Amino acid sequence: MATFVLVPGAWLGAWAWEDTARALQERGHTALPLTLTGLAEHADQVGPQTGLDTHIADITGFVERNDLRDVTLVAHSYAAAPVTGAAGRLGDRLERVIYVDSAPFAAGMCMLDLMPPQAADQLRQQVDAGWRLPMPPFEVLGLSSSLDGLDEGQRNALRTRATPQPFGTFTQRLAGPAEPGPGVDRVLIACRDFTGLLDAGVPMLAYLNQPPWRRFDLLTGHWPMLSAPAELARVLDKAVS
């Protein structure tokens, strides 16, 4: 049985993983959802200094404080950035890294690099008090991240439980090391839109279709832990079997 550390994407907390974690536990796994600094129940632990390094330290500190071994780190969306950083620092505690509708970051990258310049500028204009980024409206989110599979209740939960993201986590660049150690299993779970990009042969993503990467497809939108939690748990279980 695996030990999963489940890291949510931007604006979300451990709450987003509750149904998937429960389904993994029913399959006999240990499933530990993690809330990063400044989000959800940790919303008061935040300030202008909160950045990507803070979230990397959250993940590594959680694993080390709990003396976790043979860890499977799971990154959804934005969490690809701090999980990549943590994966390069956890050494032999890490058995596997799984990216859910996301991909690893290279050293020197930041979240804003993934966006067209106009979209990055729009985000900067939404930043509150110089360092907090509220979740954009659904009509804006849907331009880059599929909302497929989210019913009205799930969209309402996403909207009402979202927390402003510390903007430094989007602007700070990932420092090395940005690669897990040798022998760490690498897995990609691609949702509907991402599968299209991978199947289209986008050159910068080609490595994700090759060993040592293993790929699983999940035909739902960008938030499978909300839109298809049981199915996501099934795929995660298959990935560690």
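## The largest pocket

The lining of the largest pocket comprises 33 nonpolar, eleven polar and four charged residues. This description rests on a predicted model. The volume of the largest pocket is about 1400 Å³. Its lining consists of 48 residues, and those closest to the centre are Ser77, Met111, Leu114, Ser144 and Ser145.

Several elements of secondary structure take part in this lining. Helix 3 (80-87), strand 4 (94-100), helix 4 (117-126), helix 5 (138-144) and helix 8 each contribute at least two residues to the largest pocket.

## Helix 2 and its surroundings

Helix 2 covers residues 52-65. At 1.5 Å a residue, its 14 residues should span 20 Å, and the end C-alpha atoms are indeed 20 Å apart, so the expected and modelled spans agree. Its buried residues are Leu52, His55, Ile56, Asp58, Ile59, Thr60, Gly61, Phe62 and Val63. In an α-helix there are 3.6 residues a turn, so residues three or four places apart point the same way.

The cover over the buried residues of helix 2 includes strand 1 (3-7), strand 2 (30-33) and strand 3 (71-76). Helix 3, strand 6 (165-166) and helix 7 (168-171) are also part of that cover. Just after helix 2, Asp67 adopts a positive phi of about 50°.

## Arg93 and the segment after helix 2

Arg93 is located in the loop between helix 3 and strand 4. Its relative accessibility is 15%, and Arg93 therefore counts as buried, the cut-off being under 20%. The side chain of Arg93 forms a polar contact of 3.1 Å with the side chain of Asp67. A polar atom of the Arg93 side chain also lies 3.1 Å from the backbone oxygen of Leu68.

Beyond residues up to four places away in sequence, Arg93 touches Val63, Glu64, Asp67, Leu68, Arg69, Asp70 and Val71. Of these, Val63 is among the buried residues of helix 2, and Asp67 is the residue with positive phi just after that helix.

## Arg96 in strand 4

Arg96 lies in strand 4. With a relative accessibility of 7%, Arg96 counts as buried because the value is under 20%. A polar contact of 2.8 Å connects its side chain with that of Asp185.

Apart from neighbours within four places in sequence, Arg96 is in contact with Val71, Thr72, Leu73, Val184, Asp185, Val187, Arg214, Ala239 and Val240. Ala239 and Val240 also appear among the buried residues of helix 10.

## Helix 10

Helix 10 consists of twelve residues, 229-240. The distance from its first C-alpha to its last is 17 Å, close to the 16 Å expected at 1.5 Å a residue. Pro229, Leu232, Ala233, Val235, Leu236, Asp237, Ala239 and Val240 are the buried residues of this helix.

## Backbone features in the loops

Most residues other than glycine have a negative phi, and most peptide bonds are trans. Ala40 has a positive phi, near 50°, and is found in the loop between strand 2 and helix 2. Ala40 counts as partly exposed because its relative accessibility is 21%, and the limit for a buried residue is under 20%. Asp101 likewise has a positive phi of about 50° without being a glycine. Asp101 is placed in the loop between strand 4 and helix 4, and at 13% relative accessibility it counts as buried.

Two cis peptide bonds may be described alongside these residues. One joins Gly176 and Pro177, with omega about 0°; Pro177 belongs to the loop between helix 7 and strand 7 (185-190). Another joins Pro211 and Pro212, with omega about 10°; Pro212 is situated in the loop between helix 8 and strand 8.

## Tyr207

Tyr207 is placed in the loop between helix 8 (192-199) and strand 8 (213-217), the loop that also holds Pro212. At 33% relative accessibility, Tyr207 counts as partly exposed. Residues up to four places away in sequence aside, Tyr207 touches Ala103, Pro104 and Trp213.

Notes
Residues are numbered from 1 along each chain as its sequence is written. This is a predicted model: local features need pLDDT of at least 70, side-chain atom pairs count only at pLDDT 80 or more; totals for chains, interfaces and linings use all residues. Side-chain values use heavy atoms; hydrogens and water are left out. Helices (H or I, at least four residues) and strands (E, at least two) are DSSP runs, numbered from the N terminus. Buried means under 20% relative accessible area, exposed over 50%, partly exposed in between (1.4 Å probe, protein chains only). Contact means heavy atoms within 4.5 Å. On a 1 Å grid over the protein atoms alone, a cavity is a set of points where a 1.4 Å probe fits but cannot get out, and a pocket is an open set with protein on both sides within 12 Å along at least five of seven lines; lining residues have an atom within 4 Å of a point. Grid points are joined across faces, edges and corners, and a volume is the space filled by probe spheres set on the points. Ala, Val, Leu, Ile, Met, Phe, Trp, Tyr, Cys and Pro count as nonpolar, Asp, Glu, Lys and Arg as charged, and the others, Gly among them, as polar. A polar contact is a pair of N or O atoms within 3.5 Å; within protein, one must be able to donate a hydrogen and the other to accept it, and residues adjacent in sequence count only if both atoms are side-chain atoms. The expected span of a helix is 1.5 Å times one less than its number of residues.
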